[in-house]
Amino acid sequence: MEKTKILFVVAGFYRAGAERFAYEIDSALDKDKFALNILALEKENETSQLWKNRYYENLHKNLGTTIKFADDFIDKRFYEKNRLRNKIKRQLGLFPKYIDLWKIDKLSKYMDQYDVIHWMGEYIFINNIPNRIKEKSLIHMMTARFQKNDLYDNFDHSFNFNFCTPFKQEELKYELEQFESYHSTFIPLVMRIDKDNKKWKFREQHIKKIGIFTRLNLFKPLDPFFYSFQLLLDRFPNAELHIFGNGNPKEHRMIDMLERLGIQDNVFFRGHQEDIVETAINEELALSWFQGYNNDRPAGYAGLDICTTGTPLICWDFSPKPNNFENPIYPHYKNLNKFVDKTFQILTDEVEASNLSDKQYYDVINNRDVDDYITAIEDEYIRLQKKIKTT
């Protein structure tokens, strides 16, 4: 039987959400039915100064997946005097995303050989590719509009795109309200789950650590957490806030904010962690704070990883107008005082903390296993392939 040829397009192979999703799907895909290659939208010999290590590159290769970098498709003129490199840094990207940087004809001919193009992130989609490539493209939505409201401004809003999305139908109405029509397939963030990670337990400690796992940049705002932590210190002065993740807090003026609030002595920037699960366990975190979305779930893989350890988690809701109900599994708040009240409860009440830990752990292991969703993705690949053949 002839295999369906799939091309994943990724920004790179660093330890970020879209790259993680690509690897999880690669690891579960039926290779007897699908032949997978990957195109990375960066130069082979230029790695990110922020990430250093292409974590997922060898993991993909170990699965037998062939990788191609973007060198052949970038107009070399834009590398003169490091102009491209500086432009990319200013835009906080890992790849040249401006439409005039690509050799579109050559890139399109390369993509012609594939049945489906699966873009791992709407932010890497190259908008001036021809319609014949758009028609067989599946765009995975990795960013919410609260993070970047102009996400889709450069898309052709009259074109009927195919989206693979963790957003539910009601949420999509807001996320994709600019588009006249689209086709969507619901796929949440999925993962291989190690059920032996649940090692958290409530501890009567003099100092209680709260952990935040996030990259330090404009897409991951932390100001509500800083305001909340100031209020928490009035009630629990021995609390510490530990922030784990890539980025420079001085560059993003976070140190200035902490000093204005007078909480800088209790906040620690710990940098990138190779293994979030191991860090959460070894640091003996009492609680984790996360970005949340629409009073529904933590926004990103890090939150799900934390839940597999049993570490309880509560969310600040970044949705503009979230659903108005009490979420018993992932408590979400848009009120500082209520957020702090719940934090204080989890830090001091063993029964409540343990109950929340169990609910979140079992929700993740029962609803996020990649093997439970891989068929839906494979079916979407086949649907797109058949659609192209009949047009």
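**Entry 1: Asn 162**

I started with the contacts of Asn 162. Neighbours within four places in sequence were left aside. Asn 162 is then in contact with Lys 134, Glu 135, Ser 137, Leu 138 and Ile 139. The list continues with His 183, Glu 380, Arg 383, Leu 384 and Lys 387. I note here that this is a predicted model.

Where does Asn 162 sit? I found Asn 162 in strand S6, residues 161-165. Is Asn 162 buried or exposed? Its relative accessibility is 1%, and the cut-off for buried is under 20%, so Asn 162 counts as buried.

Next I looked at the polar partners of this side chain. The side chain of Asn 162 reaches the backbone oxygen of Ser 137 at 3.3 Å. I also logged a polar contact of 2.9 Å between the side chains of Asn 162 and Arg 383. Both Ser 137 and Arg 383 appear in the contact list above.

**Entry 2: Asp 26 and helix H2**

I moved to Asp 26, which lies in helix H1. Asp 26 has a relative accessible area of 1% and is buried. Which side chain does the side chain of Asp 26 meet in a polar contact? I found Lys 31, at 2.8 Å.

With neighbours within four places in sequence left aside, Asp 26 is in contact with Phe 8, Lys 31, Leu 36, His 60, Leu 63 and Thr 65. I checked His 60 separately. Asp 26 and His 60 stand 34 residues apart in sequence. Their C-alpha atoms are 7.3 Å apart in space.

His 60 led me to helix H2, residues 55-62. The buried residues of H2 are Tyr 56, Glu 57 and His 60. They cover an arc of only 115° around the axis, which puts them on the same side of H2. What do the buried residues of H2 pack against? I listed helix H1 (17-28), strand S2 (34-40) and strand S3 (66-69). Just after H2, I noted Gly 64 with a positive phi of about 90°.

**Entry 3: helix H4**

I ran the same kind of check on helix H4, residues 104-111. I recorded Ile 104, Leu 107, Ser 108, Tyr 110 and Met 111 as buried. Why do I say that these buried residues line one face of the helix? Seen down the axis of H4, they fall within an arc of 160°, so one face it is. The general rule is that an α-helix has 3.6 residues a turn, so residues three or four places apart point the same way.

On the other side of H4, Asp 105 and Lys 109 are exposed. The buried residues of H4 pack against strand S1 (4-10), S2 and S3. They also pack against strand S4 (116-120) and helix H5 (131-134). S2 and S3 were already in my notes as packing partners of the buried residues of H2.

**Entry 4: strand S11 and the loop after it**

I turned to Gln 291 in strand S11. Gln 291 is buried, at a relative accessible area of 7%. Beyond four places in sequence, its contacts include Phe 146, Phe 219, Phe 225, Trp 316 and Phe 318. Lys 220 and Cys 315 are also among them.

Then I read the loop between strand S11 (287-293) and strand S12 (297-298), where I found Asn 294. Asn 295 is in the loop between S11 and S12 too. Asn 294 is not a glycine, yet its phi is positive, about 60°. Asn 295 is not a glycine either, and its phi is positive at about 55°. Are these residues buried or exposed? Asn 294 is buried, at 9% relative accessible area. Asn 295 counts as buried at 5%.

**Entry 5: helix H10**

How many residues of helix H10 (residues 301-309) are buried? I got 9 of its 9 residues, so I marked the helix as mostly covered. Tyr 301, Asp 305 and Thr 309 are among them. Gly 310 follows H10 and has a positive phi, near 90°.

**Entry 6: the second largest pocket**

I closed with the second largest pocket, which holds about 460 Å³ of space. Its lining has 20 residues. Closest to the centre are Glu 326, Asn 327, Pro 331, His 332 and Tyr 333.

Which elements each supply at least two lining residues? I noted strand S14 (332-333), helix H11 (336-348) and helix H12 (350-367). H12 gives the most, with 4 residues. By class, I logged 6 nonpolar, 7 polar and 7 charged residues in the lining.

Methods: Residues numbered from 1 in each chain as written. Predicted model: local features only at pLDDT ≥ 70, side-chain atom pairs only at ≥ 80, totals over all residues. Heavy atoms only, no water. Buried < 20%, exposed > 50% of the residue type's maximum accessible area, 1.4 Å probe, protein only. Arc of directions from axis to C-beta. Contact = heavy atoms within 4.5 Å. 1 Å grid on protein atoms, 1.4 Å probe; cavity = no way out; pocket = protein on both sides within 12 Å on 5 of 7 lines; lining within 4 Å. Points joined across faces, edges and corners; volume = space filled by probe spheres on them. Nonpolar A, V, L, I, M, F, W, Y, C, P; charged D, E, K, R; others polar. Polar contact = N/O pair within 3.5 Å; in protein donor to acceptor, adjacent residues only side chain to side chain.
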